[in-house]
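Welcome to a short set of exercises on reading a protein structure. Have the sequence and the 3D view ready, try each task yourself, and then follow the solution step by step.

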Amino acid sequence: MAAVAGVNARAEPVRVLIVDDDALVRAGLSMILGGVPDVRVVGEATDGAEVPAAVEAYGPDVVLMDIRMPRVDGLTATEALRALPRPPEVLVLTTFDADDQVLRALRAGAAGFLLKDTPPAEIVQAIRRVAAGEATLSPTVTRQLIRHVTAAAPAEVGADPRRDRALRLLDGLSEREREVAVALGRGRTNAEIAAELFMSVATVKAYVSRLLTKLELNNRVQVALLVHDAGLV
């Protein structure tokens with residue numbers, strides 16, 4: 001299978017841990033990934049409670065994490081993993097009717113999510129992108145998620161700690177960094193941001209990297225959520 005455009009080739013296969021309580025799902029994912037030369041399934045877990053030990057034992061680069069599991073759900077397991085000093089990337093497995101749960105996972109630092117009916121080629125592509133340090137949410141999906149947050153969080157009277165935190169973080173940005181952050185909040189692609197702000201795409205990428213470093217975030221979707229929290233979109 002050809003490498004995904006824009007994703008750097010790796011010397012070693014991407015190590016994947018599959019976490020799902022459904023044996024058929026685990027088997028299906030293992031079968032899909034088993035035929036891909038640059039991806040290797042190194043282990044499986046059936047519940048979020050098993051994840052810490054599995055990560056320590058198998059050393060995955062990417063964890064495919066189900067949300068709904070009987071003892072410890074995937075969101076709790078994701079939050080615990082992202083608190084580690086050198087955490088693996090997490091791709092959440094979900095259905096799109098779980099937007100609020102997806103948002104919690106993204107805020108916790110998951111690199112993105114896959115629908116359980118995602119075509120096999122797209123699953124492989126998503127794993128490669130995450131392993132290369134790229135978020136897997138397209139701008140279209142980002143816009144859908146931001147709309148969900150807007151609909152689910154009407155304006156509140158009084159103190160709003162999340163909004164205050166977001167404004168404080170964004171106040172530390174330069175004017176240009178803030179413009180790029182707001183564009184991300186609107187779900188713009190790098191090319192769209194470049195056209196709007198009269199930059200090259202390479203410059204936009206540099207600004208996005210700088211934003212992630214300054215704001216101590218994992219991916220552009222978290223920047224978008226922060227901008228929404230601040231009320232700037």
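**Exercise 1. Is Glu216 buried or exposed?**

Step 1. Start with the ground rules: this is a predicted model, in which local features need pLDDT of at least 70 and side-chain atom pairs count only at pLDDT 80 or more, while totals for chains, interfaces and linings use all residues. Residues are numbered from 1 along each chain as its sequence is written, and side-chain values use heavy atoms, with hydrogens and water left out.

Step 2. Recall the cut-offs: buried means under 20% relative accessible area, exposed means over 50%, and partly exposed lies in between (1.4 Å probe, protein chains only).

Step 3. Glu216 has a relative accessibility of 71%, so Glu216 counts as exposed.

Step 4. Now find its place: Glu216 is in the loop between helix 10 and helix 11 (220-229). Helices (H or I, at least four residues) and strands (E, at least two) are DSSP runs, numbered from the N terminus.

**Exercise 2. Find the positive phi angles of Glu216, Phe198 and Gly59.**

Step 1. Most residues other than glycine have a negative phi.

Step 2. Glu216 is not a glycine, yet its phi is positive, about 55 degrees.

Step 3. Phe198 also is not a glycine and has a positive phi of about 55 degrees. Look for Phe198 in the loop between helix 9 (190-197) and helix 10 (201-215). With a relative accessible area of 77%, Phe198 is exposed.

Step 4. Gly59, just after helix 2, takes a positive phi of about 55 degrees.

**Exercise 3. Describe the two faces of helix 2.**

Step 1. Helix 2 covers residues 51-58, and Val51, Ala54 and Val55 are buried there.

Step 2. Why do these residues share a side of helix 2? They cover an arc of only 100 degrees around the axis, so they lie on the same side. The arc is that of the directions from the helix axis to the C-beta atoms.

Step 3. The face turned away from the buried side carries Ala53, Glu56 and Ala57, which are exposed.

Step 4. The buried residues of helix 2 pack against strand 1 (14-19), strand 2 (39-45), strand 3 (62-66) and helix 3 (74-82). Contact means heavy atoms within 4.5 Å.

**Exercise 4. What surrounds Asp20?**

Step 1. Asp20 is in the loop between strand 1 and helix 1 (23-34).

Step 2. Its relative accessibility is 0%, so Asp20 counts as buried.

Step 3. Leaving out residues up to four places away in sequence, Asp20 touches Val25, Arg26, Ala45, Thr46, Asp66, Met69, Leu93 and Lys116.

Step 4. The Asp20 side chain also reaches the backbone nitrogen of Asp22 at 2.8 Å. This is a polar contact (a pair of N or O atoms within 3.5 Å; within protein, one must be able to donate a hydrogen and the other to accept it, and residues adjacent in sequence count only if both atoms are side-chain atoms).

**Exercise 5. Place Arg82 in its surroundings.**

Step 1. Arg82 lies in helix 3. Its relative accessible area is 16%, so Arg82 is buried.

Step 2. A polar atom of the Arg82 side chain lies 3.0 Å from the backbone oxygen of Pro88.

Step 3. Residues that Arg82 touches, not counting those up to four places away in sequence, include Pro87, Glu89, Ala108 and Asn218.

**Exercise 6. Which residues have the most contacts inside the largest nonpolar core?**

Step 1. A nonpolar core is a set of buried Ala, Val, Leu, Ile, Met, Phe, Trp, Tyr and Cys residues joined through side-chain atoms within 4.5 Å.

Step 2. The largest core has 23 residues, and those with the most contacts inside it are Leu170, Val180, Leu211, Leu215 and Val223.

Step 3. Helix 7 (161-171), helix 8 (175-185), helix 9, helix 10 and helix 11 each supply at least two residues of this core. Helix 10 gives the most, with six residues.

Step 4. Zoom in on Leu215: apart from neighbours within four places in sequence, Leu215 is in contact with Leu169, Leu170, Leu173, Val223 and Leu226.

**Exercise 7. How many helices and strands does the protein chain have?**

The protein chain has eleven helices and five strands. Of its 233 residues, 44% count as buried.
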